[in-house]
Amino acid sequence: MTGTLEGRVALVTGAASGIGLATALRLAREGATVVAADIDPAGLDRHPELHRLTLDVSNEAHWIAAAAQLRDRFGGLDVLVNNAGIVLAPQPVTAVGLDDWQRLMRVNVDGVFLGTKHMLPLLRESGGGSLINVSSIAGIRPSANAAAYAASKGAVRLFTKAVALECAAAGDGVRVNSVHPGLVETPIWDDLIPPAPGRKTTLEALAARDVPLGRLGRAEEIAAGILWLASDASSYMTGGELVLDGGRAIG
Ligand code: NAD
């Protein structure tokens with residue numbers, strides 16, 4: 001696909017790194033005007049080719065300001081990718097502090113809710129856009145020692161379906177789907193497995209053991225799926241789940 005998003009405006013959260021960055025760059029390559037939003041302005045500054053917006057997804061005032069800016073500067077919004085997310089260090093549920101639980105929920109769940117709440121009116125005004133929420137394989141098949149993350153990603157998965165039904169009933173033309181990456185090599189793993197020298201080897205060993213395709217996913221492979229959901233090629237899909245996990249969910 002090239003030029004499939006010509007004339008469209010897309011907002012991607014968590015766009016300074018990993019899957020969000022790969023998505024922002026891919027959508028821009030397909031002709032979209034991309035607003036790359038992240039809480040980390042220094043990370044965004046490494047990509048001057050994107051329109052950059054410092055935004056904390058868990059802060060409602062930031063979303064209200066972002067909606068006004070999209071209307072004024074870009075004339076609206078056609079694609080929203082709610083991608084920003086965080087993890088906690090692996091630990092049994094009895095060890096999870098309430099403050100950590102709430103911090104995770106604020107980003108992973110409140111962030112998706114607030115983005116949807118404040119951007120859906122713009123998508124509707126554009127006459128039918130695409131809203132894509134990045135959940136995880138953990139929202140389908142949870143792992144031990146990651147209960148908070150699984151709960152947050154399960155919430156995103158069902159929230160997506162509920163909003164898809166609202167949009168379909170309203171006949172607003174907005175499609176709402178979730179994406180479920182498996183093991184993808186991005187900096188998010190820095191919080192789980194200490195960085196180099198052993199990190200890549202540990203991750204690759206995990207993938208060799210748990211993923212039927214036998215390897216880690218690349219952020220660009222997830223971005224390709226998000227591009228498909230953003231484009232008219234997926235026009236008959238709403239409330240659906242795009243699982244991009246090398247077969248992990250069934251393996
Ligand atoms: P990453 O750590 O590389 O990127 C996450 C980005 O989100 C960072 O740039 C960070 O600054 C930003 N961010 C964090 N908190 C934010 C906030 N409050 N407001 C705005 N931005 C914020 O991680 P990634 O692997 O690219 O993860 C992207 C999404 O994919 C997440 O939702 C994650 O849960 C999901 N996911 C990742 C994997 C994987 O294996 N990498 C697997 C399944 C799901």
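The following paragraphs describe helices, cores, loops and a ligand shell in a predicted model.

Helix α3, formed by residues 60-74, contains 15 residues and reaches 20 Å from its first C-alpha to its last, which is close to the 21 Å expected at 1.5 Å a residue. Within α3, the residues Trp 63, Ala 66, Ala 67 and Leu 70 are buried. These buried residues cover an arc of only 100° around the axis, and they therefore lie on the same side of α3. An α-helix has 3.6 residues a turn, so residues three or four places apart point the same way. The other side of α3 carries Ala 61, Ala 68, Asp 72 and Arg 73, which are exposed. As for their surroundings, the buried residues of α3 pack against the strands β1 (9-13), β2 (33-38) and β3 (51-54), and also against helix α4 (98-125). Following α3 comes Gly 75, a residue with a positive phi, near 80°.

A second helix, α5 (147-170), can be described in a similar way. The end C-alpha atoms of α5 are 35 Å apart, in agreement with the 34 Å that its 24 residues should span at 1.5 Å a residue. Buried positions in α5 are Ala 148, Tyr 149, Ser 152, Lys 153, Val 156, Thr 160, Val 163, Ala 164 and Cys 167, and the elements that cover them include α4, β5 and β6 (175-181). Just after α5, Gly 171 takes a positive phi of about 65°.

The loop between β5 (130-134) and α5 holds Asn 145, whose phi, near 65°, is a positive value in a residue other than glycine. Most residues other than glycine have a negative phi. Asn 145 counts as partly exposed because it has 15 C-beta neighbours inside 10 Å, a number that falls between the limit of 12 or fewer for exposed residues and that of 20 or more for buried ones.

In soluble globular proteins, nonpolar side chains tend to be buried together. The largest nonpolar core of the model comprises 57 residues, of which Ala 10, Val 12, Leu 27 and Ala 36 touch the most other members. Helix α7, made up of residues 219-230, gives the most to this core, with 7 residues. When residues up to four places away in sequence are not counted, Leu 27 touches Leu 5, Ala 10, Val 12, Ala 32, Val 34, Val 79, Leu 227 and Ala 230. A second core, separate from the largest one, has 9 residues, among them Ile 137, Ile 140, Ala 146 and Ala 148.

Gly 31 is placed in the loop between α1 and β2 and, with 15 C-beta neighbours inside 10 Å, counts as partly exposed. Although Gly 31 and Arg 8 are 23 residues apart along the chain, their C-alpha atoms are separated by 7.5 Å. Gly 31 also touches Gly 3, Leu 5 and Glu 6, again not counting residues up to four places away in sequence.

Around the ligand there are 30 residues, and those that come nearest are Gly 14, Gly 18, Gly 85, Thr 186 and Ile 188. By type, the residues of this shell divide into 15 nonpolar, 12 polar and 3 charged. Helices α1 (18-29) and α4 each supply at least two residues of the shell, and the largest share, 3 residues, comes from α1.

How values were computed:
Residues numbered from 1 in each chain as written. Predicted model: local features only at pLDDT ≥ 70, side-chain atom pairs only at ≥ 80, totals over all residues. Helix = DSSP H or I, 4+ residues; strand = E, 2+ residues; numbered from the N terminus. Expected span 1.5 Å × (residues − 1). Arc of directions from axis to C-beta. Contact = placed C-beta atoms within 7 Å. Near = placed C-beta within 6 Å. Nonpolar A, V, L, I, M, F, W, Y, C, P; charged D, E, K, R; others polar. Core = buried A, V, L, I, M, F, W, Y, C linked by C-beta atoms within 7 Å.
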